[in-house]
Structure formats: structure tokens, C-alpha cells
Amino acid sequence: MEVRKNEIFEARQWFCDGDHPLVGRRHAGISNPDVLCTECGKPRKYHGFLPFNFPVCQGDWLVNDGHAIGGEYLWNRYTDIEFKSLFEKI
Ligand SMILES: [Zn+2]
């Protein structure tokens, strides 16, 4: 049997430009801003982007799991539903 130990993570919810230092500006690098996102159904122009052009939907949570590569902390992305099933606020 495996049990995940209790850990504390820093988490931030993203809605718009400036909400998170790692999320790039909306519109940046999007050639088709009106295409709808397959996850949330909103146009891509309302999304932010993590490094490697990974989209972030409005309301997504970014969680710092404490792991770093090259001095940069990795932030994992979760939808609001995923986040609420995995974490609780303290
Ligand atoms: Zn989306």
C-alpha cells in the first residue's frame, strides 16, 4: 500500500496577464486566436502560455511542487476541478 504524504505547496490561480510570473502574455505567438480550446471551449486568445507554449485556461491553478530544473521551479497546471480534488487550502 502506498500513501502520499501530506505536503504543502504554493498554488496560484490564473485568470489574466500578470497573475503569474511564469505565464506568458495572451496573444503572444498565437496565429489563430479565435480557435476554441478543446479543454474549456473558450477562444485561445483568452489563454496564457507556460514555457514551451503550453496553454493555461482561465481559472487554472499553477502549483509549485518544489522541484526545480536549472534553478527554475516547475509549476504544474491543474484545472479548477482537478485542483479541488487534489488539494485543500490551509
Ligand atoms: Zn482553455
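**Around Leu62: a short tour of strand β4**

Hi everyone, let's start with one residue: setting aside residues up to four places away in sequence, Leu62 touches Ala11, Arg12, Trp14, His20, Trp75 and Arg77. By contact I mean that the C-beta atoms of two residues, placed from the backbone, lie within 7 Å.

Before going on, please keep in mind that this is a predicted model: local features need pLDDT of at least 70, side-chain atom pairs count only at pLDDT 80 or more, and totals for chains, interfaces and linings use all residues. Residues are numbered from 1 along each chain as its sequence is written.

How confident is the predictor? pLDDT is its confidence in each residue, on a scale from 0 to 100. The chain averages 84, and 90% of the residues score at least 70. Confidence is highest in helix α1, residues 80-86, at 93, and lowest in β4, at a mean of 81. Please remember that last one, as Leu62 sits in β4, which covers residues 61-69.

Now the overall layout. The chain has five strands and one helix, and along the sequence they follow the pattern β-β-β-β-β-α. Helices (H or I, at least four residues) and strands (E, at least two) are DSSP runs here, numbered from the N terminus. Along the principal axes, the C-alpha atoms fill a box of roughly 45 × 30 × 25 Å.

Three of the strands form an open sheet in the order β1-β4-β5, with antiparallel pairing. β1 and β5 are the edge strands, each pairing on one side only. From one strand to the next, the twist averages 35°; the axes behind that angle are lines fitted to C-alpha atoms (for helices, over the stretch in contact), and angles run from 0 to 180 degrees between N-to-C directions. Two strands count as paired if DSSP finds at least two bridges between them.

Let's look at the two sides of β4. With β1, residues 10-13, β4 pairs over four bridges, and one of the partnerships is Gln13 with Trp61. With β5, residues 72-78, there are six bridges, including Ala68 with Tyr73. Leu62 itself stands opposite Arg77 in β5. The hairpin of β4 and β5 has two residues between the strands, and Gly70 there takes a positive phi near 60°.

So, is Leu62 buried or exposed? Leu62 counts as buried because it has 23 C-beta neighbours inside 10 Å. The rule is that 20 or more other C-beta atoms within 10 Å of a residue's own make it buried, 12 or fewer make it exposed, and anything in between is partly exposed; the C-beta atoms are placed from the backbone. Of the 90 residues of the chain, 10% count as buried.

Leu62 also belongs to the largest nonpolar core, along with Trp14, Val23, Val56, Trp61 and Trp75. Such a core is a set of buried Ala, Val, Leu, Ile, Met, Phe, Trp, Tyr and Cys residues joined through C-beta atoms within 7 Å. In soluble globular proteins, nonpolar side chains tend to be buried together.

Further along β4 we meet Gly66. Gly66 is exposed, because 11 other C-beta atoms lie within 10 Å. Gly66 and Phe9 are 57 residues apart in sequence, with their C-alpha atoms 7.5 Å apart in space.

Thanks for listening!

Conventions. pLDDT is the predictor's confidence in each residue, from 0 to 100.
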